Amino acid sequence: MTTVQEAPPQQGSALSDSLVVTWRNLKRIPRIPELAIFAILQSVMFVLLFAFVFGGAIPLPGGGNYREFLMPGIFAQTLAFAAATTAIGMTDDMAKGLIDRFRSLPMSRSAFLTGRTVSDVVYNLGILIVLMLSGLAVGWRVHEGLARFLAGVGLTLLFAYAMSWVGVWLGMLVPTVEVAQQVAFTAIFPLTFLSNAFVPLQTLPGWLQPVADWNPVSAITAALRELWGNPNPFVTNSFPSEHPILMTLIWTALFIAIFAPLGVRRYRATSR
Amino acid sequence: MSSTAGGSTPAITAEGLTKLYKSRSGEVRALDGLDLVVDEGTVLALLGPNGAGKTTTVRILATLLRPDAGRATVLGYDVVSDAQRLRRVIGLSGQYAAVDENLTGRENLWMFGRLYQVNSPTARARADELLDQFDLSDAGDRPVKTYSGGMRRRLDLASALIGHPRLLFLDEPTTGLDPRSRIGMWEVIRSLVRQGSTLLLTTQYLEEADALANTIAVVDAGKIIARGTADELKSSVGGERVEVVVHDPAQLGAALRLVSDCCLTEATVDEHTRRLTAPAAGGAQQLVAVIRALDDAGIVIDDVGLRRPTLDDVFLSLTGHAAEEREAEAAASEPVAAGRTA
Ligand SMILES: Nc1ncnc2c1ncn2[C@@H]1O[C@H](COP(=O)(O)OP(=O)(O)OP(=O)(O)O)[C@@H](O)[C@H]1O
Ligand SMILES: [Mg+2]
């Protein structure tokens, strides 16, 4: 038909296909800047609300600066919402029929989802950086050196990546972007508040404490506090409280192990 | 339908395709044992009313949906077990344009090219070529959200062509296009056919099937209920008819008697349009006889002519429900002038 030679189509390469999808998802961020701007504003608002409104009313057992205590919680909360970001992106592509085009192409079967989760991690890294700057502005500091700081950042992104896989699966279950938004927020808000993100576990009613203790958001929050030398009050002699980093790794591995295959299966079977 | 006798192997064979959709309100049998054969290098139009199962058929053949029963092969690949290999040789332009609104036209084409496993420079060159071919060069660097419906549709078709597919599925390629864009799209499709692509397109527009396809398969309620060339389908509902539009409604009764006598069959009357229709077994001679008889009786006629059955007639008589309704809502096509279609 043309002068371009007919290259024999090769096996879809998972890596290069994922990169193309990642590229595509990142391209759209500056083209709908409102999305990123409001995501950042929302988190900055949380920083300000908790630092200035509630902060004074929440004493930390064993003392310590509330704002230093707060910031890891804010990071954890924001990145838990990675699930919502991803779910909304997935539902949007489904609703617009774009997924059909991707599914009709000879590309690697998981690349569309890998590309989505990877680009969302990049997006979340951007948001994390802005949040850290606003944290610095209200008095949050890292006390344990560069290596442990970077370890904390890496752990946060890993957590975001795992949450994105939950979002992938969720995004394909629901019919519209509005529903995706509702479902994700309804699920994630309690997850972030039934945790040690904003208040020390000790202030929760006794029966709630183990729930909050085993909450993955608590794990990542406590892990960051431990890594960065921020106040990390815990009393319970429980496994999650004593091994928050290990616990975060377990949770993220579990999420990815469960939701990545579920998501890929759903993607292959999806028929909307 | 399973026989492949007659030389070349068919590009598409489907046998007994069945698809059930389960929903809260029960089950919908979207396909009910659909059989189909399309020869390589030909154009087949799936023609059918809303909900007939056209999109479902296309989605199964394009590997997006698994049939609940039956089997299909496309270009020799089984659509279920060989799906991934099949995807390398087909292109799909679905019923609704599936392009990324936030990317430019050029970026969309490059991306789909890459995912079609074309290397980056080739994909870039191919994108330029397609933008040119589809008259989108000027808009190529604008985000697609600024495109009109027709431009999106063209970009969607271009995206389907990015990997030089041997077989192309087009689901209602001109729905929502204005008459000019529709003719433009027809031109594009015709040029693809000239280059030897095999094409399966669905349409609700009878004249579109007539204009583009070698073979028309009429689908209704999940089955193929008729198949043939446009001419074959037309002759299946009978031969030519004579049509007369009487000027004065008061003369309608007299005209009816005369026409019925001439044609040896009771003519049908449409009081509203004052139109009489009767089978004209004798062709032009019969027409002359009718005109003479009416003229002798002093009946003034506005219009008269010999008319072959249109695909509309075929469609109506086959599917048994009103094609007019759909036509009316689908497009503001000009009213059919009786007798003009000689
Ligand atoms: N995802 C779905 N869930 C439930 N029912 C469906 C689904 N998709 C299609 N159907 C039903 O299956 C039948 C066939 O639908 P299909 O989309 O194939 O028709 P179509 O011929 O393409 O119609 P149209 O001309 O309106 O595009 C319809 O009754 C439709 O309601
Ligand atoms: Mg359809």
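Visitor: Into which domains is chain B divided?
Guide: In this predicted model, chain B is divided into domain 1, made up of 12-89 + 166-235 + 323-335, and domain 2, covering 240-307. The C-alpha centres of these two domains of chain B lie 39 Å apart.

Visitor: How many residues does each chain bring to the contact between chain A and chain B?
Guide: Chain A gives 35 residues and chain B gives 35 residues. Together the two chains bury about 3500 Å², with 57% of that area on carbon and sulfur atoms.

Visitor: Why is the pair B:Asp156 and A:Arg101 called a salt bridge?
Guide: The term requires a side-chain nitrogen of Lys or Arg within 4 Å of a carboxyl oxygen of Asp or Glu. In this pair, A:Arg101 is the Arg and B:Asp156 is the Asp, and the closest N and O atoms are 2.9 Å apart. The value of 2.9 Å lies within the limit of 4 Å, and the pair is therefore called a salt bridge. The count of salt bridges between chain A and chain B is seven.

Visitor: How many residue pairs are in polar contact across the interface of chain A and chain B?
Guide: The rule finds 13 such pairs, counting those in which both residues have pLDDT 80 or more.

Visitor: Which elements give two or more residues to the side of chain A that touches chain B?
Guide: They are α1 (14-31) and α5 (98-103) of chain A. The largest share of that side, eight residues, comes from α1(A). By class, the side of chain A that touches chain B has 11 nonpolar, 12 polar and 12 charged residues.

Visitor: What is the confidence of the prediction for chain A and for chain B?
Guide: Chain A averages a pLDDT of 88, and 94% of its residues score at least 70. Chain B averages 84, and 90% of its residues score at least 70. The model as a whole scores ipTM 0.86 and pTM 0.82.

Visitor: Where in chain B is confidence lowest, and where is it highest?
Guide: The lowest is in helix α12 (residues 323-330) of chain B, with a mean of 44, while helix α3 (residues 105-115) of chain B has the highest, at 96.

Visitor: Over which residues of chain B does pLDDT stay under 50?
Guide: One such stretch is residues 1-6 of chain B, which has six contacts beyond four places in sequence. Another is residues 322-342 of chain B, where the model has 32 contacts beyond near neighbours in sequence. In chain A, pLDDT stays under 50 over residues 1-10, a stretch with 16 contacts beyond four places in sequence.

Terms used
Residues numbered from 1 in each chain as written. Chains lettered and ligands numbered in written order. Heavy atoms only, no water. Domains from an automatic or database assignment. Contact = heavy atoms within 4.5 Å. Buried area = accessible area lost by both parts, 1.4 Å probe. Polar contact = N/O pair within 3.5 Å; in protein donor to acceptor, adjacent residues only side chain to side chain. Helix = DSSP H or I, 4+ residues; strand = E, 2+ residues; numbered from the N terminus. Nonpolar A, V, L, I, M, F, W, Y, C, P; charged D, E, K, R; others polar. pLDDT = per-residue confidence, 0-100.
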